[in-house]
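Grab a coffee and have a look at the model below. Here are a few exercises, each with a solution worked through in steps.

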Amino acid sequence: MPSGRLSLMNLEPAYKMEMESIRMVQDIQHEFWPLDEIDPENAKFPCCLVWTPLPVVSWLAPFIGHVGICTEDGSAVAFSGSNFINADDFAFGSVAKYLQLDRKQCCFPRNLAAHTCNHGYKHSEFGSALTWDDAIQSSVRNFEHKSYNLFTCNSYSFLANCLKRLCYGGSMDWNMINVGALLLFKGHWVDNISILRSFSPFILVVCFGIFMVGWPFLVALLAFSLLLLAWFIFATYCFKNLLDS
């Protein structure tokens, strides 16, 4: 038997063992330990995006609030002010709305070849993570020295940064707008009290404004909300360099 063919036969078992090892690593990588149940009473929302109304801002534009992301043990983490990251303490009140995400829709590569998303190089360059909590910690390190600004660098920016590191849903295009829309349209209210707490200040402001000024107040409030929304859309999709994420 030719020596070259003999060498190939000797390499074949080693190759099969190596491929089997890679498959085992991939299987282990995608086996996540079970999460605890969502527990609003103890403020535990494992692997959830969370939302609560902001004082004054949500009174005028109730679709805007303060958002955060929760670790695997359910503790909320949020960018709450300049050089300030809240951990296990939602700065502006208890969680009113939440959305639990599926860790299986995240990309946790051990190396460049192990990406399960279609953005291997882009994901690695931005900053991939090995676990859910690792992605959050990386975003915390990135934002803990940033200045907070409602219009350009806020809690939505922090969430977008986390979701990019997770490459959640196979996307690297997370920003303030689609993060906000995700929570707005797919989020779940904690209870009826949370709904009341979120909208009653806005309703009171509207009633008081109409009583004091009349219907022009409602027109002005609507114009304010539309201008605010237009700014975020315009800045997000036309001047991306203005926003942090």
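**Exercise 1: Salt bridges**

In this predicted model, arginine 103 and glutamate 72 form a salt bridge through their side chains, 3.0 Å from N to O. Work out where each partner sits and whether each is buried or exposed.

*Solution.*
- Step 1: place the partners. Arginine 103 is in the loop between β5 and α3 (120-126), and glutamate 72 is in the loop between β2 and β3 (76-81). They are 31 residues apart, so this pair ties together distant parts of the chain.
- Step 2: check the cover. Buried means under 20% relative accessible area. Arginine 103 comes in at 9%, so it counts as buried; glutamate 72, at 10%, is buried too.

**Exercise 2: The other pair**

The structure holds two salt bridges. Take the one between lysine 122 and aspartate 173 and describe its setting.

*Solution.*
- Step 1: the N to O distance is 3.9 Å.
- Step 2: lysine 122 belongs to helix α3, while aspartate 173 is in the loop between α5 and α6; 51 residues separate them, and again distant parts of the chain are linked.
- Step 3: lysine 122 is partly exposed because its relative accessibility is 44%, and aspartate 173 is exposed at 52%.

**Exercise 3: Two sides of a helix**

Which residues of α6 are buried, and what do they pack against?

*Solution.*
- Step 1: list them. Met176, Val179, Gly180, Leu182 and Leu183 are the buried residues of α6.
- Step 2: look down the axis. They span an arc of only 155°, so they lie on the same side of α6. The spacing helps here: an α-helix has 3.6 residues a turn, so residues three or four places apart point the same way.
- Step 3: find the partners. The buried residues of α6 pack against β1 (48-53), β2 (65-70), β5 (97-100), α5 (155-166) and α8.
- Step 4: flip over. Phe185 and Lys186 are exposed on the other side of α6.
- Step 5: check the start of α6, where a side-chain oxygen of asparagine 175 comes within 3.0 Å of the backbone nitrogen of isoleucine 177.

**Exercise 4: A nonpolar patch**

Which residues make the nonpolar surface patch, and which element gives the most?

*Solution.*
- Step 1: the patch, about 600 Å², is made by Phe63, Leu184, Phe185, Leu229, Ile233 and Tyr237.
- Step 2: α6 (176-186) and α8 (215-237) are the elements that give two or more residues. α8 gives the most, with three.
- Step 3: Phe185, in helix α6, counts as exposed because its relative accessibility is 68%.

Technical notes. Residues are numbered from 1 along each chain as its sequence is written. This is a predicted model: local features need pLDDT of at least 70, side-chain atom pairs count only at pLDDT 80 or more; totals for chains, interfaces and linings use all residues. Side-chain values use heavy atoms; hydrogens and water are left out. Patches are made of residues with over 30% relative accessible area and no salt bridge: like charges are joined within 9 Å, nonpolar side chains (Val, Leu, Ile, Met, Phe, Trp, Tyr) within 5 Å. Accessible areas come from the Shrake-Rupley method with a 1.4 Å probe; for residues, only the protein chains shown count as cover. A salt bridge is a side-chain nitrogen of Lys or Arg within 4 Å of a carboxyl oxygen of Asp or Glu. Helices (H or I, at least four residues) and strands (E, at least two) are DSSP runs, numbered from the N terminus. Buried means under 20% relative accessible area, exposed over 50%, partly exposed in between (1.4 Å probe, protein chains only). The arc is that of the directions from the helix axis to the C-beta atoms. Contact means heavy atoms within 4.5 Å. A polar contact is a pair of N or O atoms within 3.5 Å; within protein, one must be able to donate a hydrogen and the other to accept it, and residues adjacent in sequence count only if both atoms are side-chain atoms.
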